[in-house]
Amino acid sequence: PWFKIRDFETAEHLLFLLASNSGSELGYQSFLERLRGSNYATVKSYVKFFEQLNIITLVKGFSKSTLGSEQNSKVYFNDVGFSNAMIGLETPLPQEYGALAETVLHDHLQRLSFKFNNSITRQVFYYKTKKAEIDFVIHSTKLNKSLPIECKYGQDLTKNQAELLNELAEENKTFGIKTTTNTLAQKQNTLEIPIWIMTMLA
């Protein structure tokens, strides 16, 4: 049977919270604190429904032993324009560029991953350790390799991020990618590629 939303006010508020947290780990507990009167089962079912409608995508944590770990999933809006409309963001501030760039890049990486996997499935993850986090890891089942990508928009990698990006690249015999605003360069195992070029790949 077709899914039915019984509480439109809760659904709309939840959609607003998801848009406000695009690129962040999905925290049901924090949502429940904001959605008075809702329960875990309802919120989780609404999140699943939004995912089925292709409004959002849940990105699982990457594990070196298995694809998809027990870490919390991160949530991304698939349409940054829709996300901005939901939260009433008309003119982004400079400090918001990075989060918007990450959301835009995520959408294009999902399509690129689809091509990497014979147009059968999408395998985009994120990787997190106690010291650092890498925004995206694209896995190719066909090549059995994973490509780590860190989205930056005018910022530098931290020392721990640079080490983790290089570590993942070496383990997969590939290279790491750091997005930039306009710089195109190579530093050791890391390619620095303007984000506008990355969005043209898919």
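Buried means under 20% relative accessible area, exposed means over 50%, and partly exposed lies in between. The exercises below apply this to a predicted model.

**Exercise 1. A salt bridge within one helix**

Task: Classify Glu 163 as buried, partly exposed or exposed, and describe its salt bridge with Lys 159.

Solution:
- Step 1. The relative accessible area of Glu 163 is 40%. This value falls between the two cut-offs, so Glu 163 is partly exposed.
- Step 2. Lys 159 has a relative accessible area of 63%, so Lys 159 is exposed.
- Step 3. The salt bridge joins the two side chains at an N to O distance of 2.6 Å.
- Step 4. Helix α6 (residues 159-172) holds both Glu 163 and Lys 159, which are 4 residues apart, about one turn of the helix.

**Exercise 2. A salt bridge between a strand and a helix**

Task: Find which parts of the chain are tied together by Lys 74 and Glu 102, and what else the charged end of Lys 74 sits over.

Solution:
- Step 1. The closest N and O atoms of Lys 74 and Glu 102 are 3.6 Å apart. A salt bridge requires these atoms to be within 4 Å, and the pair forms one.
- Step 2. Lys 74 belongs to strand β3 (residues 74-77) and Glu 102 to helix α5 (residues 97-116), so the salt bridge ties together parts 28 residues apart in sequence.
- Step 3. Lys 74 and Glu 102 are both buried.
- Step 4. The charged end of Lys 74 also sits over the ring of Tyr 126, at 5.2 Å from the ring centre.
- Step 5. By the salt-bridge rule, the count comes to 10.

**Exercise 3. A salt-bridge network**

Task: Compare the exposure classes of Glu 192 and Lys 187, then name the network they belong to.

Solution:
- Step 1. Glu 192 and Lys 187 form a salt bridge, with the closest N and O atoms 3.5 Å apart.
- Step 2. Glu 192 is buried, because its relative accessible area is 9%. Lys 187 is exposed, because its relative accessible area is 53%.
- Step 3. Through shared partners, salt bridges join Asp 156, Lys 178, Lys 187 and Glu 192 into one network.

**Exercise 4. Aromatic pairs**

Task: Decide whether the pair Phe 77 and Phe 82 is stacked, tilted or edge-to-face, and do likewise for Tyr 97 and Tyr 153.

Solution:
- Step 1. A pair of aromatic rings is described by the distance of the centres and the angle of the planes.
- Step 2. The search of the whole structure finds 7 aromatic pairs. In one of them, Phe 77 and Phe 82 have ring centres 5.5 Å apart and planes at 70 degrees, so this pair is edge-to-face. The cut-off for that class is over 60 degrees.
- Step 3. Phe 77 is buried at a relative accessible area of 0%, whereas Phe 82 is partly exposed at 32%.
- Step 4. For Tyr 97 and Tyr 153 the ring centres are 6.1 Å apart and the planes stand at 80 degrees, so this pair is edge-to-face.
- Step 5. Tyr 97 is in helix α5 and Tyr 153 in the loop between β6 and α6, so the pair ties together parts 56 residues apart in sequence.
- Step 6. Tyr 97 is partly exposed at 36% relative accessibility, and Tyr 153 is partly exposed at 33%.
- Step 7. Ring pairs also link Phe 62, Phe 125 and Tyr 127 into a cluster.

**Exercise 5. Packing of two helices**

Task: Describe how α1 and α4 pack, and list the residues that make the contact.

Solution:
- Step 1. Helix α1 (residues 8-20) packs against helix α4 (residues 80-87) at an angle of about 120 degrees, and the axes are 9 Å apart.
- Step 2. The crossing of the helices α1 and α4 is left-handed.
- Step 3. On α1 the contact is made by Glu 12, Leu 15, Phe 16, Ala 19 and Ser 20, and on α4 by Phe 82, Ser 83, Met 86 and Ile 87.

**Exercise 6. Two buried residues**

Task: Locate Ser 146 and Ala 132, and give their contacts beyond four places in sequence.

Solution:
- Step 1. Ser 146 is in strand β6 (residues 145-150) and is buried, with a relative accessible area of 3%.
- Step 2. The contacts of Ser 146, leaving aside neighbours within four places in sequence, are Phe 62, Val 137, Ile 138, His 139, Asn 172 and Thr 174.
- Step 3. Ala 132 is in the loop between β4 (124-128) and β5 (133-140), and counts as buried at 9% relative accessibility.
- Step 4. With residues up to four places away in sequence not counted, Ala 132 touches Tyr 127, Asn 160, Gln 161 and Leu 164.
- Step 5. Ala 132 and Ala 162 are 30 residues apart in sequence, and their C-alpha atoms are 9.1 Å apart in space.

How values were computed
Residues are numbered from 1 along each chain as its sequence is written. Side-chain values use heavy atoms; hydrogens and water are left out. Buried means under 20% relative accessible area, exposed over 50%, partly exposed in between (1.4 Å probe, protein chains only). Contact means heavy atoms within 4.5 Å. Rings of Phe, Tyr and Trp (its six-membered ring) pair if their centres lie within 6.5 Å; planes under 30 degrees apart count as stacked, over 60 as edge-to-face and the rest as tilted. A charge sits over a ring if NZ of Lys or CZ of Arg is within 6 Å of the ring centre and within 35 degrees of the ring normal. Axes are lines fitted to C-alpha atoms, for helices over the stretch in contact, and angles run from 0 to 180 degrees between N-to-C directions. A crossing is left-handed if the near helix is turned anticlockwise from the far one by less than a right angle, and right-handed if clockwise.
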